[in-house]
Amino acid sequence: MNNETTGGWETARQVASPNYDRRPTNEVSLLLIHAISLPPGQFSGGAIEALFTNQLVPDEHPFFAEIAHLRVSAHFLIRRDGHCVQFVDTDHRAWHSGRSRWWDRRQHEWRTALNDFSVGIELEGDDLTPFTQAQYQTLVAVSHWLMLRYPLLDRSRITSHAHVAPLRKTDPGPTFDWAYFYQQLEPKSVL
């Protein structure tokens, strides 16, 4: 992780990805939620970290041969046990959204180049397997941290990869419980 900025979440284990660059502006106003499993449908292991650090070995699995050339990253990965890994400082641009577009209600326009102003969080998962309670807890915690850090980011500016790239992507998929996530994201009142 680059120490030039302070967008490192102290709770996360830091693993530096080379796949990032500077944001063209200081705007961070969108949170994109993704899901990933490598190989597809399998959890645990080091393949996701290897992909985001350009160390994926193509010969270890037939699917890896198809993707080992990619230069991609996310800011965070939340494992099935809730453990969080941070690959890119949130003040920098990670390479996670690909070709996508999003309707920005504040600016009343379609926006592209979403990596410029978004934070990408990958949940270890797929379209078939429900996400764990521990993952939701960590996702809520990092979302709160991000909203405190970046005033333009609020719950109305959290969306899925599927929403911004509907013809290419399905993640985090139908097993992601948006209602539960938003309920947990609400500040708890003290009785």
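Which residues of H3 are buried? In this predicted model, the buried residues of H3 are Gln135, Tyr136, Thr138, Leu139, Val140, Val142, Ser143 and Leu146. The helix that carries them, H3, covers residues 133-149, which makes 17 residues. From the first C-alpha of H3 to the last, the reach is 24 Å, close to the 24 Å expected at 1.5 Å a residue. Follow the buried residues of H3 outward and you come to their packing partners: strand S3 (30-36), strand S4 (76-78), strand S5 (84-86), strand S9 (118-124) and helix H5 (178-185). Those partners make a good itinerary for the rest of the walk, so let us take the strands next.

S3, S4, S5 and S9 belong to an open sheet of six strands, in the order S1-S5-S4-S9-S3-S10 and with mixed pairing. Strand S1 (13-14) and strand S10 (158-160) stand at the edges; each has a single partner strand, so one side of each is left without a neighbour in the sheet. H5 packs on this sheet, where it touches S3 and S10, and the direction of H5 makes about 160° with that of S10.

Now step inside the sheet, to S9. Seven of the seven residues of S9 are buried, and the strand is mostly covered. This holds on both faces: Ser118, Gly120, Glu122 and Glu124 are buried on one side, and Val119, Ile121 and Leu123 are buried on the other. You may like to note that two glutamates, Glu122 and Glu124, are listed among these buried residues. S9 is joined to S4 by three bridges, and the two strands run parallel. In that pairing, Ile78 stands opposite Leu123 of S9.

S3 and S9 also run parallel, and here seven bridges join them. Two of the facing positions are easy to find in the viewer: Leu32 has Gly120 of S9 as its bridge partner, and Ile33 stands opposite Ile121 of S9. Turn to S10 and you meet Leu32 again, this time opposite Thr159. Three bridges join S3 to S10, and these strands too run parallel.

How many of the seven residues of S3 are buried? Seven of the seven are, so S3 is largely enclosed by the rest of the structure. On one side the buried residues are Leu30, Leu32, His34 and Ile36, and on the other they are Leu31, Ile33 and Ala35, which leaves both faces of S3 covered.

Strand S5 offers a different kind of stop. Gln86 has its place in this strand, and it counts as buried because its relative accessible area is 0%. Along the sequence Gln86 and Trp9 are 77 residues apart, yet in space they are 7.5 Å apart, C-alpha to C-alpha.

Another polar side chain worth a look is Glu49, in helix H1 (residues 47-52). Is Glu49 buried or exposed? With a relative accessible area of 16%, Glu49 is buried, since the cut-off for that class is under 20%. Leaving aside residues up to four places away in sequence, Glu49 touches Arg13, Val15, Arg79, Val85 and Phe87.

Back at helix H5, the theme turns to aromatic rings. A search of the whole structure finds 13 aromatic pairs. One of them is Trp178 with Phe181, an edge-to-face pair at 6.2 Å centre to centre with 75° between the planes. Why might two such positions be neighbours? Trp178 and Phe181 are three residues apart in helix H5, and are therefore separated by about one helical turn. An α-helix has 3.6 residues a turn, so residues three or four places apart point the same way. The two partners differ in their surroundings: Trp178 is partly exposed, with a relative accessible area of 24%, whereas Phe181 counts as buried at 0% relative accessibility.

Trp178 and Phe181 are also members of one aromatic cluster, together with Phe131, Tyr136, Phe176, Tyr180 and Tyr182. Tyr136 brings us back to the beginning, as it is one of the buried residues of H3.

Two more rings deserve a visit, this time for the charges over them. The charged end of Arg101 sits over the ring of Trp110, 3.9 Å from its centre. Arg111 lies over the face of Phe117, at 3.7 Å from the ring centre.

Key. Residues are numbered from 1 along each chain as its sequence is written. This is a predicted model: local features need pLDDT of at least 70, side-chain atom pairs count only at pLDDT 80 or more; totals for chains, interfaces and linings use all residues. Side-chain values use heavy atoms; hydrogens and water are left out. Helices (H or I, at least four residues) and strands (E, at least two) are DSSP runs, numbered from the N terminus. The expected span of a helix is 1.5 Å times one less than its number of residues. Buried means under 20% relative accessible area, exposed over 50%, partly exposed in between (1.4 Å probe, protein chains only). Contact means heavy atoms within 4.5 Å. Rings of Phe, Tyr and Trp (its six-membered ring) pair if their centres lie within 6.5 Å; planes under 30 degrees apart count as stacked, over 60 as edge-to-face and the rest as tilted. A charge sits over a ring if NZ of Lys or CZ of Arg is within 6 Å of the ring centre and within 35 degrees of the ring normal. Two strands pair if DSSP finds at least two bridges between them. Axes are lines fitted to C-alpha atoms, for helices over the stretch in contact, and angles run from 0 to 180 degrees between N-to-C directions.
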